[in-house]
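User: I'd like a close look at one part of this model, its internal space, and then a little about what surrounds the rest of the fold.
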Amino acid sequence: MQIRTPLTVITGPLGSGKTTLLRHILETVPKKIAILMNEFGEIAIDAKIIQGKNVQMADLGGGCVCCSLLGEFEAAMDEIIDSVDPEHIIVETTGVAEPDALVFDIQESLPKVRLDGVVTVIDADSLVKYPFVGHTTQIQIEAADIILLNKIDLISEKELEVVEDKLHSINETTSILRSYRGKVDLDLLFGIDRNRVQAPPHHVHQPEFESFIYKTPAIISRPCFEEFADSLETNVYRAKGFVRFSDGIYLFNFVAGRWDLESFEQEATELVFIGKQVKERKLEIIERLKICEQ
């Protein structure tokens, strides 16, 4: 009898910290891990961030792994098992994915793997600032065996309790783990051995977000860029990528009005902007960035 490879699905809203969690996993777990990533946006920023000697990347490209790429997902899974023979597989979905269709497909169509568990990453601070839980986020919470409540350093203990009550009102059986920058005891995330059976999904996924990219070989003025980041409009929910300043390349992360920069080895500036009706502001945003080019 063939041993089925355990598979963990990591899901959660845009900017919640899924890639940060993956980086923590790769720095901590000595196993041979295969990662399949599905990104929202035209360039694979997250795939360039994730690196590791025991990691085999299979980038599924743009689209939504929960529906339009199911066939490609199955082919990628077969190829990665046959060629790499990983000890564990992790699938990170795009932040706009509804994971119930993906979970059903894993159960029904992938005999070489067994679903170990679904981990949903939630940004605690964003849930305080924007307490309304949209349709996609609700499905991500409902699907979770474990909720990783991330960025807990940004809110108070009282606010944390309110957030946890809200999450349990949506999924009363899930375990909630608090974390800062994705740091968590990974023994709690693996070996869940999920025994819930996912019913066939009946929804039609209609992403409410859109994206565009900005690339340039030019050096960017750091003060100008920081002023730009401070003034990003609220319709830009998520921005990420690499920025080339005079002193090197930096990884840029922006979500819900917060942003940071981290020194990173990369070649040139390339950024993805994601939001509701964000393409309506594309020309304006790019013009503001061009002003920062040196």
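How many cavities of 30 Å³ or more does a search of the whole structure find?

Analyst: Happy to help. This is a predicted model, where local features need pLDDT of at least 70, side-chain atom pairs need 80 or more, and totals for chains, interfaces and linings use all residues. Numbering starts from 1 along each chain as its sequence is written, and side-chain values use heavy atoms, without hydrogens or water.

The search finds 1 cavity of that volume or more (on a 1 Å grid over the protein atoms alone, points where a 1.4 Å probe fits but cannot get out). About 30 Å³ of space lies inside, counted as the space filled by probe spheres set on the points, joined across faces, edges and corners. Val29, Lys31, Ile33, His88, Ile90 and Phe190 line the cavity, each with an atom within 4 Å of a point. By type, the lining has 4 nonpolar residues, 1 polar and 1 charged; Val, Ile and Phe count as nonpolar, Lys as charged and His as polar.

Now the sheet. Its 5 strands run in the order β8-β12-β9-β10-β11, with antiparallel pairing (strands are DSSP runs of E, at least two residues; a pair needs at least two bridges). β8 (210-216) and β11 (258-263) are at the edges with a single partner strand each, so one side of each has no neighbour in the sheet. β10 (248-255) pairs with β11 over 6 bridges, and Asn253 sits opposite Asp260 in β11.

Finally, confidence: the chain's mean pLDDT (the predictor's confidence in each residue, from 0 to 100) is 82, and 82% of residues reach 70 or more. Residues 64-68 fall below 50, yet this stretch has 18 contacts beyond near neighbours in sequence (heavy atoms within 4.5 Å). Where pLDDT is low, predicted coordinates should not be read in detail.

Definitions and conventions:
Helix = DSSP H or I, 4+ residues; strand = E, 2+ residues; numbered from the N terminus. 1 Å grid on protein atoms, 1.4 Å probe; cavity = no way out; pocket = protein on both sides within 12 Å on 5 of 7 lines; lining within 4 Å.
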